[in-house]
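The following questions and answers look at the overall build of the protein chains shown here. Each answer works through its reasoning before it gives the value asked for.

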Amino acid sequence: MTMLFYLAGAVALISTISVTISTNVVHALVYLIISLLAVAVIFFVLGAPFAAMLEAIVYAGAIMVLFLFAMMMLNLGQATENEEKAWLRPQLWVGPGLLILALLVQLVSVLVTQRVDVVPVEVGVHELSVLLFGPWLLAVELASMLLLAGLIAAYHLAKR
Amino acid sequence: MTFDQMMLLLPLIIVTATPVITMLMVAVKRSHAVSCILTASGLLLALLSLLIVVRYPLQEVTPLLQVDNFNIFCTALILLAALAVTLFSYPYLCNLEDHQDEFYLLIAIATLGALVMVSSTHFITAFLGMETLSVCLYGMIAYPLHREATAQYPMEASIKYLVLSAVSSGFVLFGVALLYAQTGTLHFNDISVGITQGIADGPGSEYFVVASLLIITGFAFKLSLVPFHLWTPDVYEGAPLPATAFLATVGKVAMAALMMRFLSVSGVLDSPAIINVLTVIGVLSILGGNLLALLQANLKRLLSYSSIAHMGYLLIALMTIDSAITGDGSLGGEAVSFYLTAYVIMSLGAFGVMMVVSDSAHERDHIGHYQGLFWRDPWLAVIFTAMLLSLAGIPLTVGFIGKFYIFSVGVETAQWGPLAAMVIGSGIGLFYYLRIVYRMITPLDYDDPLPVAGIRDVISHGILLVLLVALVVLGVVPGGLMLLLESVVQSL
């Protein structure tokens, strides 16, 4: 399991870096899907199979495919690729990169010095459903009204 | 959930059913009048259902919602304000070259969000309520964007509100996550317990102060307190008047009530660091709001800056409310509730007058539009003057009693800094409120005909009359409301 965790983590890291540095938008999106799938594996290893499934189905499956279709319909050609290449000049990212490196060093040193043993506890679909449809039922209902509001607003603003 | 608990949620259930029924009617046949009447009657029905609610034992309904007297009072205030905005919207939206029905759906759902906010004792419901209110407001602010001539202003306002509201929600979430990491609970009640334990054996009190400050920052964004106020004037100016009025009344009441409950139940106010930060925010809001309002020629912008100052006054009282841990019977809660009531009456009145003389094609929001109003339409001018005098805090109006209440609370708790700011701020405020009154007296030398009050304006004028009566009655004999609020706040 530990092997799987580190493997998925490495895949997530590499694919996320590829998202930021790839100049072709469609390639970037495909890398993003891989990154989300890798995060889903991490969720699974940490004992949240339901969250892993949702991540794979909803994010990687539904939303990213929608993104991909929208991007393909926009038909971004060589011009945007050149634009992206122009934005990736070193003088634009070296400064922020160094700052983030400093933060990374801090984070790693904290993680190395503080030994916290994480014991994964599996939270299955059953436990989650008991909570969602028991004491938290009202939250589910309210979330549905929130989505309805978003739907109505989006319908009105986007029509024509 | 028992039957008793279901009955306690009756207003929420009715307000949820309202947009659903209205939507079904829209699916059958679109009719502006039917949508407006359905929404208004739904809100009215929810208001009347409060009479049933008080017959049942008030209690916590699931861990997420709390129904008590304070909640019932705020629910009534929000429903009244939403009802007034709904009725004001009808004549305003009549000449919109677009479908009007969705606006009423959004009003109803936004009201639901506000009602959830005032009854939540749990971060899940507090956050869901805040987001429901905000998402509806994005739509309401950008509503007239299909009119080519004026499309860019509502769009700009809506995007500004979208981005900043999302950022403030992010602050709240980050703070909630930190609190959760420390206390392991999302319930306001348990936070105070968790905090005392956390200070004893956890990562220390600084951690908790940071978390609470992040949450308060998010709340301050929504209440548009200085230095988190930058979005306010642009959003007020760009939004159509009914959306502005809704944001300024329902939005502020819901947020202030949620903040009051959070501050009082969680025991956050026992930390001197938090009190210091709130004091600085309050003083800055009072001075900043009043100074920035001084030279505004646009009434929406002026009222937005004045709302910043008013929320600053409110913060003085908010700082003194009873903490759940060390309650000592301060007047703070009553002062906050009274001031919110007064603020709703005054802003609804001021925006109401603007809505009556405006329509969606032509908004009269410049100070020049009101020149000579005393001769052109004495009745509206009298109401507008009364509302402005009340906002300025002149005696015999409800605004004066509200300010007096806050002042006495401030003296009681010896907050001399904020009180000095309040005196200076009120002095500055007098100038820009009276400037509008002066412009209304100055005769107009050219002709700018106001829309003639037709049959469909009868309701709007009726609401304005009710607001005027409430303003004067509560300003002259506030005793009844004060007694009511005393019992309301005790339940908190």
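In what follows, Lys and Arg count as positive and Asp and Glu as negative, while His and the chain ends are left out of the count. The model is a predicted one.

Q: How far apart do the centres of the positive and negative side chains of chain B lie?
A: The place of a charge is taken as NZ of Lys, CZ of Arg, CG of Asp or CD of Glu. In chain B, 16 side chains are positive and 29 are negative. The distance between the centres of these two sets is 10 Å.

Q: What is the distance between the mean positions of the positive and negative charges of chain A?
A: Chain A carries 5 positive and 8 negative charges, and each of these two groups has a mean position of its own. The separation between the two mean positions comes to 16 Å.

Q: Which radius of gyration does chain B have, and why does it agree with a compact globule?
A: Chain B has 492 residues, and a compact globule of that length would have a radius of gyration near 23 Å, so the value for chain B agrees with this expectation. The C-alpha trace of chain B spans about 75 × 55 × 45 Å along its principal axes. The radius of gyration of chain B is 22 Å.

Q: What radius of gyration does chain A have, set against a compact globule of 160 residues?
A: Along its principal axes, the C-alpha trace of chain A spans about 60 × 55 × 25 Å. For a compact globule of 160 residues the radius of gyration would be near 15 Å, but for chain A it is 20 Å.

Q: How far apart do the C-alpha centres of domain 1 and domain 2 of chain A lie?
A: Chain A is divided into two parts, with domain 1 covering 1–103 and domain 2 covering 124–160. The C-alpha centres of these two domains of chain A are separated by 27 Å.

Q: How many helices and strands does chain B have?
A: Chain A, taken beforehand, has 7 helices and 0 strands, and from the N terminus on its elements run α-α-α-α-α-α-α. The secondary structure of chain B, in turn, consists of 20 helices and 2 strands.

Q: What percentage of the residues in chain B is buried?
A: A residue counts as buried when its relative accessible area is under 20%. By this cut-off, buried residues make up 22% of the 160 residues in chain A. Among the 492 residues of chain B, the buried share is 63%.

Conventions
Residues numbered from 1 in each chain as written. Chains lettered and ligands numbered in written order. Predicted model: local features only at pLDDT ≥ 70, side-chain atom pairs only at ≥ 80, totals over all residues. Heavy atoms only, no water. Domains from an automatic or database assignment. Helix = DSSP H or I, 4+ residues; strand = E, 2+ residues; numbered from the N terminus. Rg over C-alpha atoms; globule rule 2.2 N^0.38 Å. Buried < 20%, exposed > 50% of the residue type's maximum accessible area, 1.4 Å probe, protein only.
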